[in-house]
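Welcome to this short tour. Open the model in your viewer, keep the selection panel handy, and follow the stops below.

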Amino acid sequence: MSSSGFEPTIFSRIIAREIPATIVAETEHIIAFLDIAPKAPVHVVVTTKDPQYQNVVELAAGNPALLAELVAVAERIADERTNGQFRLVFNTGAAAGQTVFHVHAHVLGSQESTDSLGEDSLGAL
């Protein structure tokens with residue numbers, strides 16, 4: 001258990017390099033890595049290194065500049081991996097499919113401009 005009394009999330013453990021991940025981008029405040037169960041040809045998780053925000057609503061209210069940085073990193077990844085055409089998905093709450101309660105976004109896209117993400121790619125993220 002952490003000093004706050006909560007178990008660290010899997011993302012906190014990736015940030016601490018306790019769990020391996022394929023990291024594709026990192027700044028002082030943000031880390032991005034390939035999703036271990038991709039729902040699209042390109043599926044990258046982008047999260048903050050600060051675990052205090054459980055979802056995007058909390059992050060927007062508590063630190064809008066950090067949210068803007070997260071979105072900017074996501075856009076950079078999409079520019080590099082999907083020719084700038086992508087979905088940016090935040091799940092908020094268990095009923096909406098959020099399984100890790102550490103704010104994060106999913107960058108979903110295709111590497112080919114002729115490929116399309118079908119509606120089924122919005123399933124369980």
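**Stop one: salt bridges**

Counting a salt bridge as a side-chain nitrogen of Lys or Arg within 4 Å of a carboxyl oxygen of Asp or Glu, the total comes to four. Before you select them, note that this is a predicted model, where local features need pLDDT of at least 70 and side-chain atom pairs count only at pLDDT 80 or more, while totals for chains, interfaces and linings use all residues. Residues are numbered from 1 along each chain as its sequence is written, and side-chain values use heavy atoms, with hydrogens and water left out.

Select Glu 26 and Lys 49 to begin. Their closest N and O atoms are 2.8 Å apart. This salt bridge links distant parts of the chain, with Glu 26 in strand β1 and Lys 49 in the loop between β3 and α2, 23 residues apart. (Helices, H or I with at least four residues, and strands, E with at least two, are DSSP runs numbered from the N terminus.)

Next, show Arg 76 and Glu 80, whose closest N and O atoms are 3.9 Å apart. Both lie in helix α3, four residues apart, about one turn of the helix. Are these two buried or exposed? Glu 80 counts as exposed, at 54% relative accessibility, whereas Arg 76 is partly exposed at 37%. Here buried means under 20% relative accessible area, exposed over 50%, and partly exposed in between, with a 1.4 Å probe and protein chains only.

Now add Arg 17 to your selection: salt bridges that share partners join Arg 17, Glu 26 and Lys 49 into one network.

**Stop two: two positive phi angles**

Stay on Arg 17, in the loop between α1 (10–15) and β1. Its phi is near 65°, a positive value in a residue other than glycine. Most residues other than glycine have a negative phi. Asn 83, in the loop between α3 and β4, also has a positive phi, of about 55°.

**Stop three: the sheet**

Switch to a cartoon view. The protein has three helices and five strands, following the pattern α-β-β-β-α-α-β-β along the sequence. Which order do the strands take in the sheet? This open sheet runs β1-β2-β3-β5-β4 with antiparallel pairing, where two strands pair if DSSP finds at least two bridges between them. At the edges stand β1 (23–26) and β4 (86–89), each with a single partner strand, so one side of each is left without a neighbour in the sheet.

Zoom in on β3 and β5, which are joined by six bridges. Val 46 has Ala 105 in β5 as its bridge partner.

**Stop four: the nonpolar core**

Select Val 44, Val 46, Leu 59 and Ile 77, the residues with the most contacts inside the largest nonpolar core, which has 19 residues. Such a core is a set of buried Ala, Val, Leu, Ile, Met, Phe, Trp, Tyr and Cys residues joined through side-chain atoms within 4.5 Å. Elements giving it two or more residues include α2 (56–62) and α3 (64–82), and α3 gives the most, with seven.

Center on Leu 59: among the residues it touches (heavy atoms within 4.5 Å), not counting those up to four places away in sequence, are Thr 48, Tyr 53, Leu 70 and Val 103. Apart from this core lies another, of seven residues, including Ile 15, Ile 31, Phe 33 and Val 45.
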